[in-house]
Amino acid sequence: MLTLEKIKDAQATLSNAIYKTDVIRASKLSFDYELYLKTENLQKTGSFKIRGAYYKISRLSAEEKKKGVIACSAGNHAQGVALAASKNGIRSLICLPEGAPISKVEATRGYGAEICLVPGVYDDAYNRAIELQKEQGYVFIHPFDDEDVIAGQGTIGLEILSQLVDVDAIVVPVGGGGLISGVAFAVKAVNPKVKVYGVQAAGAPSMLNSLRDGKVESLSSVSTIADGIAVKQPGKCTFDYCKKYVNGIVTVNDDEIATAILALIEKEKIVAEGAGATPLAAVLAGKLPELKGKKVCCLISGGNIDVTIMNRVVMRGLIMSGRQCTLNIELLDKPGQLVEVSQIIAGCGANVTGVHHEHAQAGSAVIGCFLRIDIETRNFEHIAQIKEKLTQAGFRICHS
């Protein structure tokens, strides 16, 4: 049984094994909220997962430790189990989805684990891990549906309450539900007045759907840049805890997640992976309007973003926040047109980053041409101002 005493025991066990990560004021992002960030992206292994994995492994018997441990993960749980096993002198085998970011795969291997790549997503890796566990006798370390693991994650809730004693609400990423189950249980046990909200990716709303329908359900597929919470089916334990202790769950799409990742980098100098940015994405997108004016803590659960997609995510964030814009302008193919367009854009305080010029297509003036121009802007109002100035100067802006 999960109890507050067990979570406090986990806190004592973890005291010399993990960091007590900071809660920082996100003043540059606090538009409608008094916003704080719990920086688990700066935890050992770059994620909160070390908490649950270490506590679970610390409680294994000597006989169980001899058998070694096996786990499945999209990446962060893998690293937590690998490091925890290594520190306890235990052999570990980790099953990861074949599409897991290479950086996470190599980091897991670097912490001392053996790796088994499995075609498909997290749930396929889970099924393979169960097969190997039965065949070879490993102890299975579940990433979320285990009360020792949940207790370890619950230590974050106790830390937040000690660091931010008058917090009104805590917003938590949700995949399988282990993190929010532990946090919500701990928080409600200490201060029932504090609200706990979950955030799932719109492309993987397994817990949201299950709570809505009153039973654990499995998605046929998942699709999101938040690979850490791309889970088809929540756990039985976590479903029960979320049903009892969580105040609500909302979803955010990939564009909203990308915008939050960019905001964290630019405004707070914090690197978060997709899953870790979902709480802020929900806040910035206005998904929790009932919390406006309240003291809100977003749990930034991890920072292990795949560097190979960082550029794409940042670019998408720029576009979705009005910081990057492409204009298609029809004009006459005569000297001075490009100069005039450039002067208007410069006069509005924007910066040209790319220019492509091509002759007009069928249906346009014979001497016409098209100018596709990429510009850096401040926001959507700035883009609208530039378009208005260009239109007033006689240029026709085409919809792409």
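**Stop 1: the largest cavity**

By class, the residues lining the largest cavity are 13 nonpolar, 10 polar and four charged. Keep in mind as you look around that this is a predicted model. To find the cavity, select F48, K49, G175, G228 and I229, which lie nearest its centre among the 27 residues of the lining. The space inside comes to about 300 Å³. Next, colour helices α4 (76-87) and α8 (178-190): each of them supplies at least two residues of this lining.

**Stop 2: the second largest cavity**

How many cavities of 30 Å³ or more does the structure hold? There are two, so the next selection completes the set by the cut-off of 30 Å³ or more. The second largest cavity has a volume of about 50 Å³. Select I225, D227, I261, E273, G274, N304, I305, D306, I309 and V313 to show its lining. Sorted by class, these residues are five nonpolar, two polar and three charged. Keep D227 and I261 highlighted, as both names return later in the tour: D227 at the second largest pocket and I261 in helix α11.

**Stop 3: the largest pocket**

Now turn to the pockets. The largest pocket has a volume of about 470 Å³. Select F31, T259, A263, L284 and S321, the residues nearest its centre out of the 22 that line it. Two elements, α11 and α12 (274-284), give two or more residues to this lining. Which element gives the most? That is α11, with seven residues. Across the whole lining of this pocket you will find 11 nonpolar, four polar and seven charged residues.

**Stop 4: helix α11**

Stay with α11 and select residues 254-268. This helix has 15 residues and reaches 20 Å from its first C-alpha to its last, close to the 21 Å expected at 1.5 Å a residue. Show side chains for I257, A258, A260, I261, L262, A263, L264 and E268, the buried residues of the helix. Two of these names should be familiar: A263 lies near the centre of the largest pocket, and I261 helps to line the second largest cavity.

Both ends of the helix are worth a look. At its start, zoom in on N253, where a side-chain oxygen comes to within 3.1 Å of the backbone nitrogen of D255. Just after the helix, select K269, which takes a positive phi of about 60°.

**Stop 5: the second largest pocket**

Move on to the second largest pocket, which holds about 220 Å³ of space. Of the 13 residues that line this pocket, select G99, V121, T224, D227 and A230, the closest to its centre. D227 is the residue you highlighted at the second largest cavity, where it is also part of the lining. By class, the lining of this pocket divides into eight nonpolar, four polar and one charged.

**Stop 6: L338**

For the last stop, select L338, which sits in helix α14 (residues 337-347). Is L338 buried or exposed? It falls in between: L338 is partly exposed, because its relative accessible area is 41%, and partly exposed covers the range between under 20% for buried and over 50% for exposed. Add V355 and L371 to the selection, since L338 is in contact with both, leaving aside its neighbours within four places in sequence. Finally, select K44 and zoom out: K44 and L338 are 294 residues apart in sequence, and their C-alpha atoms are 53 Å apart in space.

Conventions:
Residues are numbered from 1 along each chain as its sequence is written. This is a predicted model: local features need pLDDT of at least 70, side-chain atom pairs count only at pLDDT 80 or more; totals for chains, interfaces and linings use all residues. Side-chain values use heavy atoms; hydrogens and water are left out. Helices (H or I, at least four residues) and strands (E, at least two) are DSSP runs, numbered from the N terminus. Buried means under 20% relative accessible area, exposed over 50%, partly exposed in between (1.4 Å probe, protein chains only). Contact means heavy atoms within 4.5 Å. The expected span of a helix is 1.5 Å times one less than its number of residues. A polar contact is a pair of N or O atoms within 3.5 Å; within protein, one must be able to donate a hydrogen and the other to accept it, and residues adjacent in sequence count only if both atoms are side-chain atoms. On a 1 Å grid over the protein atoms alone, a cavity is a set of points where a 1.4 Å probe fits but cannot get out, and a pocket is an open set with protein on both sides within 12 Å along at least five of seven lines; lining residues have an atom within 4 Å of a point. Grid points are joined across faces, edges and corners, and a volume is the space filled by probe spheres set on the points. Ala, Val, Leu, Ile, Met, Phe, Trp, Tyr, Cys and Pro count as nonpolar, Asp, Glu, Lys and Arg as charged, and the others, Gly among them, as polar.
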